[in-house]
Structures are given as C-alpha cells and as structure tokens.
Amino acid sequence: MSTPETGPGPGEDLPVVAPQLRALRRRSSLTLEAAARAAGLSPAHLSRLETGQRQPSLPMLLALARIYGTTVSDLLGETVADRDAVLRAPAMEPTRAGGWTYWQAGAPGRGMQALRVHVPYGTQGDIVRVHPGEEWLYVLKGRLHLRLGDTAHVLMPGDSAHFDSLTPHRLAAADHGGAELLFVHTLLQSPITALCLGPHPGETP
C-alpha cells in the first residue's frame, strides 16, 4: 500500500512517468539539483519521482514539462503517432452545458486541450474557477468580462489572455449577443463541462 512518504509498496506498478522524467532531464542537460530548483522541489523529491517512489501531481507534471521543453503527454510516455494531427470542421460536433456551447478543436487525451466556445449573455458568470494548469483564450466575437483574482478586465475581439489557472477566475459575456472564444488549457483530460463550467447544478461551488 502506498503512502505519501513511502511511495508505491512492493508489487505495485510504478508510474509510467518515472522512466521519462530522468531521460527528459538528461536530454535537457540539467542536473538533478538544477531541475529540482526550477520546479520548486527538493532534489530528493525529484529523485523519488524519477525512480517511481513518488507519484507526481498534475502541477508537478506541468512545471517539469515547461522546464524540459516538452508536453505532459511526452512525460507520460503517450504514443501520439496514431492520432490525426488535423481535425476537420464536420467532426467538430457541438456540446452544450450550462448554456455554453463548445466545439472540440484539438485531439482528445493530449496534455493540452483546445476548444471553440460560445458564451451566452447572463449564464455562469458567477462561477469562480480554480484548478491546476494554464489557460489561454482569444476573443473572436463580442466582448468578454474576465476577472482574474481581484482585477476585472473587458476583452474586445482580437484581445487574448494567458494566465495560471490557480488564479481564481471567471468569465461572462458582456453583450446580449454573447461572446465567441478560442480556448486552450493544460488541465489534463478533464471533461469539457468540469473544465469550463466548474460545479454542475446541485454541487457546491
């Protein structure tokens, strides 16, 4: 049985990420100490991640992927050769949840997910979202209210924002016609509704 201090016990499977971490660090010509310092970890903790004695958290994976100049998918040893690089418009079926409409604009299961989003006026603007990862959005049409922490912004068409998702944030359309966005996030393999809408109806925000 695993504990946060001991890591996997005898007979338990080691995480797939373990053999990738050391190889990618060496490929980046970083010492254990330098990589650990850049990731905000102790060298001993990073060593345990590389040997499979500890399970990495998503924030750790995101930090290490940035440091090594790669993706979370690469860290996890995922095979991407059999995935299509191109997603055609007819395959972008809309998904609706909480009044918002989403079109998947990238391949599923990668360390980064891309969406085209329609944010209608007057829906979900009161939900504050906080989660590991990064977000990037680009306003295609309409105006968007974006609150990051205690700061409020109004984004016009052509404006973009790129921020750490651990910063409390919320989105709302500023115009009655709604807003159209391109949206990219690094929250690994999250359902669309959980990512963009926060708690489902009936759940406590």
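Let's start with Ile127, which counts as buried because its relative accessibility is 12%, and the cut-off for buried is under 20%. This is a predicted model, by the way, so please hear every value today as computed from that prediction. Where does Ile127 lie? You'll find Ile127 in the loop between strand S3, residues 113-119, and strand S4, residues 134-141. Now look across to His169. Ile127 and His169 are 42 residues apart in sequence, yet their C-alpha atoms are 8.4 Å apart in space.

That pair leads nicely to the protein overall. Of its 205 residues, 40% count as buried. If you take the contacts between residues at least 6 apart in sequence, 64% of them join residues at least 24 apart. As for secondary structure, the protein has six helices and nine strands.

His169 also brings us to strand S8, which covers residues 169-173 and pairs with S5 in the antiparallel sense over five bridges. On your screens, you can pick out Leu146 standing opposite Leu171 in S8. On to the other partner of S5: strand S6, residues 151-155, runs antiparallel to S5, and five bridges join the two. Here His145 is opposite Val154 of S6.

How many residues sit between S5 and S6 in their hairpin? There are two, and Gly149 in that turn has a positive phi of about 60°.

Put those pairings together and you have an open sheet of three strands, in the order S6-S5-S8, with antiparallel pairing. S6 and S8 are the edge strands, since each pairs on one side only. Ignoring direction, neighbouring strands in this sheet are turned by 20° against each other on average.

Let's stay with S5 for a moment, residues 144-148, and look at its two faces. As general background, side chains in a regular strand alternate between the two faces of the sheet. Which residues of S5 are on the covered face, and which on the uncovered one? Leu144, Leu146 and Leu148 make up the covered face, while His145 and Arg147 make up the uncovered one. So when you click on Leu146, you are looking at a covered-face residue that stands opposite Leu171.

Now for the helices, and I have two pairs to show you. In the first pair, helix H1, residues 17-27, packs against helix H3, residues 43-50, at an angle of about 120°, with the axes 7 Å apart. That angle makes H1 oblique to H3. From H1, the residues in contact are Ala18, Leu21, Arg22 and Arg25, and they meet Leu46, Leu49 and Glu50 of H3. By class, this contact has four nonpolar and three charged residues, with no polar ones.

The second pair is helix H2, residues 32-39, and helix H4, residues 58-68. Their packing angle is about 125° and their axes are 9 Å apart, which makes H2 oblique to H4. The crossing of H2 past H4 is right-handed. Zoom in there and you'll see Ala35, Ala38 and Ala39 of H2 making the contact with Leu64, Ile67 and Tyr68 of H4.

What classes do the residues of the contact of H2 with H4 divide into? There are six nonpolar residues, no polar and no charged. Compare that on screen with the H1 and H3 contact, where three charged residues take part.

That's my tour, thanks for listening!

Methods:
Residues numbered from 1 in each chain as written. Predicted model: local features only at pLDDT ≥ 70, side-chain atom pairs only at ≥ 80, totals over all residues. Heavy atoms only, no water. Axes fitted to C-alpha atoms, helices over the stretch in contact; angles between N-to-C directions. Helix = DSSP H or I, 4+ residues; strand = E, 2+ residues; numbered from the N terminus. Parallel < 35°, antiparallel > 145°, perpendicular 65-115°, else oblique. Contact = heavy atoms within 4.5 Å. Nonpolar A, V, L, I, M, F, W, Y, C, P; charged D, E, K, R; others polar. Buried < 20%, exposed > 50% of the residue type's maximum accessible area, 1.4 Å probe, protein only. Pairing = 2+ DSSP bridges. Left-handed = near helix turned anticlockwise from the far one by under 90°.
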